[in-house]
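Me: I'd like to go through the aromatic rings in this one. Can you take me through how each label is earned?

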Amino acid sequence: MIFKQETQILKCTFEKEHFSKVKAAFKDRWPVVYIIEDDEKGQAYIGESTNICTRICDHWNNTERRALKNIYIIFNKVFNKSVILDLEAFLIGYIVADGKYRLQNGNGGQHVHNYYLRDEYQREFRHIWQLLQDEGVVRHGITLLENQDLFKYSPYKILNLDQFNVAVQILTDLKYDLGNNNQSRSFIIDGGAGTGKSILGIYLLKLLIDAKSSPAWTAEEEALDENLSYIIGHLSPNLRVGYVVPTQSFRETLKKVFDGIQGLDSKMVLSPEDVANSGEGLYDLLIVDESHRLRRRRALFNYGSYDKANKALELDEEATELDWILKKKPVSAILL
């Protein structure tokens, strides 16, 4: 067993006059994970640092962060930087699903990496979750949360290596297209059920929205950051995106998920007809989930609304729902 020392949680009021308590506890720099929260506002921020004294002062200078009330600092002398990064990602994923807080975090580009004795450390993460429950910071047990849609489809999921490489390639190609007079392109992401295409799509949407809405936003992976900076600078100031879901049941599921994530909105989840009938011009980006379920006229019994959508888009009656989507985007559509 690697845990010769117990994991501890230091609670402190998030006010500058109380920071001396943190400095007294962490004279030596040591990697920690922290949660800054406000129960009444239902807001929180989760981060990690090897110099918590400096980091909390940085957060105090951030208006959004300064409005929070308490900070919980989680530390254990056997936790190295790899463990801390993994714990941070673990807490972000589960705290989002817990639903007590809307996180101020972006989903800045981490992907899965392995490290020595990772399985043992992750068993300790579950113990940490119990400590946070005891403190009243979180409400629900891990087993319950793992069955929640907000956990399954969270944009804060850590990408596996294949997902991360696809994300990098899409951003690289999008950067190229924007640099070539808004050249139009469609990306087709191939993969069977359970390969994480929906996770990738939601992740990319949140990534772009966070980067566009915060001038100080940075990704944690250089491969993402160098492309995002260019992309965001060349997209419309009023970024218009949509997440298209052909099936009603899955669409309703994702609407609830999007309403639980800061920066996302259930109005971003669209049916193909929503896209076709939108009278507000083009979208900057459309991501289509379960694109194999897009319909064509010959498969329908009732053509009324279908023909109306084709007419509104000046398409012939045999045009498909995919044609509607391609007609409404100026740069890119991502088909999952």
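**Rings and their neighbours**

Reply: Sure! Searching the whole structure turns up 15 aromatic pairs. One of them is Phe90 with Tyr94, a tilted pair. Keep in mind that this is a predicted model, where local features need pLDDT of at least 70, side-chain atom pairs count only at pLDDT 80 or more, and totals for chains, interfaces and linings use all residues. Residues are numbered from 1 along each chain as its sequence is written, and side-chain values use heavy atoms, leaving out hydrogens and water.

Me: Why is the pair of Phe90 and Tyr94 called tilted?

Reply: Rings of Phe, Tyr and Trp (its six-membered ring) pair if their centres lie within 6.5 Å; planes under 30 degrees apart are stacked, over 60 edge-to-face, and the rest tilted. Here the centres are 4.6 Å apart and the planes 40 degrees apart, so the pair counts as tilted.

Me: What makes Tyr94 and Phe151 a tilted pair?

Reply: Their centres lie 4.7 Å apart with 35 degrees between the planes, so the tilted label fits again. This pair links distant parts of the chain, with Tyr94 in helix 4 and Phe151 in helix 7 (residues 149-152), 57 residues apart. Helices here are DSSP runs of H or I, at least four residues, numbered from the N terminus.

Me: Which residues form one aromatic cluster?

Reply: Phe90, Tyr94, Phe125, Trp129 and Phe151.

Me: How do you know that the charged end of Arg65 sits over the ring of Tyr45?

Reply: The rule asks for NZ of Lys or CZ of Arg within 6 Å of the ring centre and within 35 degrees of the ring normal. Arg65's charged end is 4.0 Å from the centre of Tyr45's ring, so the distance part is met.

Notes. Helix = DSSP H or I, 4+ residues; strand = E, 2+ residues; numbered from the N terminus.
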